Amino acid sequence: MPEAKKILVLGGGFAGIECVRKLEAYFSNNKEVQISLVSEDNFFLFTPMLPQVASGTIETRHIVIPVRTLLKRTKFYEAGVKSIDPHKKIVDLSGTKEKRGISLQYDYLVLALGSQTNFFGMDNLEKLAYSMKTLNDAVVLRNRAIDMLEQADNETDPALKKSLLTFVIVGGGFAGIETAGELMDLLHDARKYYPNIQKTDIRVTVLEAMPAILPGFNEKLAKFALEKLHQRGIEVMVNTKLSNFSGDEVLIEDSRPQTDPVKQYSMNAIQTKTLVWTAGVTPVDIIKKSVFKTNRGGIVVNEFLQSVDFPEVFAVGDCSYLIDPNTKRPLPPTAQNAESEAEIVAKNLYALITNKEKEKFVYTSKGQMAVIGKRSAIASIFGIHLHGFFAWLLWRTIYLSKIPRLDKKIRIFLDWTIDLFFDRDIARLKVMRDKPIEEFTELDEVDDVW
């Protein structure tokens, strides 16, 4: 009896989960193929709804789906990836005080480890800024907004009160714009419980280094979004780059090219205690430091999404690097792209194992959507451009359909329904920052059987 082929998928995000589910469908009755999945969390996070968790529209646990409930025959490991050796075809997983570190052998490897927040070398931002990448980020940001309201309501110094109620969001992409809209909704809805805070006291500002927000979106829709944000009192500053953040003050400067070499752009300041960073992502460190050929931190792959150095290794989603032949630019780090790549990888793995012809990956955008405030959104679906209330309904309908489990769909729908009739909960749940988990430096077990 031939030895079973081992497929190892690293990462439990959109790409990893989609790849595993497709593989399970292809090899449902094939016991000669063993599939394993490794993820640091034992849940799948539906990240497009993170801003709504931050604003309190959706309950925290309703956008997380336990990984094991999504798998049928895949072996699951909740662990961090310590090292990847494509020469020996071994992946080392980290251990803790409670569990042993192990090594997994593979015949085929799928890297879907996603990305991390990119602070572009500004170490102070990493320490002082808030981000919107994880579930913890959303909860912490919500607590911060409520904490600022609590402090500002009893503050007698006008300048300090103003800085407490000023929130600066860096990045005018999807994450930044949606976070700004949801944050403003939370602050305005909660304000009724704070008698010493007026509507005009609250300031939400978005900084975007490019000439326009929502890059890649239809120009008219982006313009509509900008006008809607201004109507709701959200200040958007384009061609504006963050220079520094001290924890009390944001320094900004003009990001346009300087035509006059003598001219110096003036540096302006915004007094604020809260800065939210959504200005970019980068592949995780273990990918950037790996032996694979990389570009901009992502693993360089061919048209079949195989590593150019190791054909048995595939890379998908945010940790891969592939040029779109139409735009001549790297593919965008979106969930839509990650899922599309994962489907092709699963199909090509099936082709390799069954001696069939592989399929080239061709990126085709299905559309884009963004919520820009309460009951308003923009959408571009199959060439049709929509904005306003109908686009908002479409956003909710499409994203609700993408939630993997029925029980979670119902819970989110109920959250949205309750939000129509009742005020938001302004309880601030105090959470502690995660302490680093102590790792063992030695591997205690080699798991090559599964």
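**Exercise 1.** Determine whether Ser307 is buried or exposed in this predicted model, and describe its surroundings.

*Solution.* Step 1: the relative accessibility of Ser307 is 3%. Step 2: buried means under 20%. Ser307 therefore counts as buried. Step 3: Ser307 belongs to the loop that runs between β21 (298-300) and β22 (313-315). Step 4: beyond its neighbours within four places in sequence, Ser307 has contacts with Phe292, Ile299, Val300, Val301 and Val313. Its side chain also reaches the backbone nitrogen of Phe310, at 3.4 Å.

**Exercise 2.** Establish what sign phi has in Leu305 and in Asn355, and classify the accessibility of Leu305 and of Asn355.

*Solution.* Step 1: most residues other than glycine have a negative phi. Step 2: Leu305 has a positive phi, near 70 degrees, and Asn355 has a positive phi near 60 degrees. Step 3: Leu305 is located in the loop between β21 and β22, while Asn355 is in the loop between α9 (335-353) and β26 (367-373). Step 4: with 0% relative accessibility, Leu305 counts as buried; with 72%, Asn355 counts as exposed.

**Exercise 3.** Characterise how helix α4 (residues 135-153) and helix α6 (residues 174-190) cross, and which residues meet.

*Solution.* Step 1: the two axes come within 11 Å and cross at roughly 40 degrees. Step 2: an angle under 35 degrees would count as roughly parallel; α4 and α6 are therefore oblique to each other. Step 3: the crossing of α4 past α6 is right-handed. Step 4: from α4, Leu141, Arg142, Ala145 and Leu149 meet Thr179, Leu183, Leu186, Leu187 and Ala190 of α6. The residues of this contact comprise seven nonpolar, one polar and one charged.

Methods
Residues numbered from 1 in each chain as written. Predicted model: local features only at pLDDT ≥ 70, side-chain atom pairs only at ≥ 80, totals over all residues. Heavy atoms only, no water. Axes fitted to C-alpha atoms, helices over the stretch in contact; angles between N-to-C directions. Helix = DSSP H or I, 4+ residues; strand = E, 2+ residues; numbered from the N terminus. Parallel < 35°, antiparallel > 145°, perpendicular 65-115°, else oblique. Left-handed = near helix turned anticlockwise from the far one by under 90°. Contact = heavy atoms within 4.5 Å. Nonpolar A, V, L, I, M, F, W, Y, C, P; charged D, E, K, R; others polar. Buried < 20%, exposed > 50% of the residue type's maximum accessible area, 1.4 Å probe, protein only. Polar contact = N/O pair within 3.5 Å; in protein donor to acceptor, adjacent residues only side chain to side chain.
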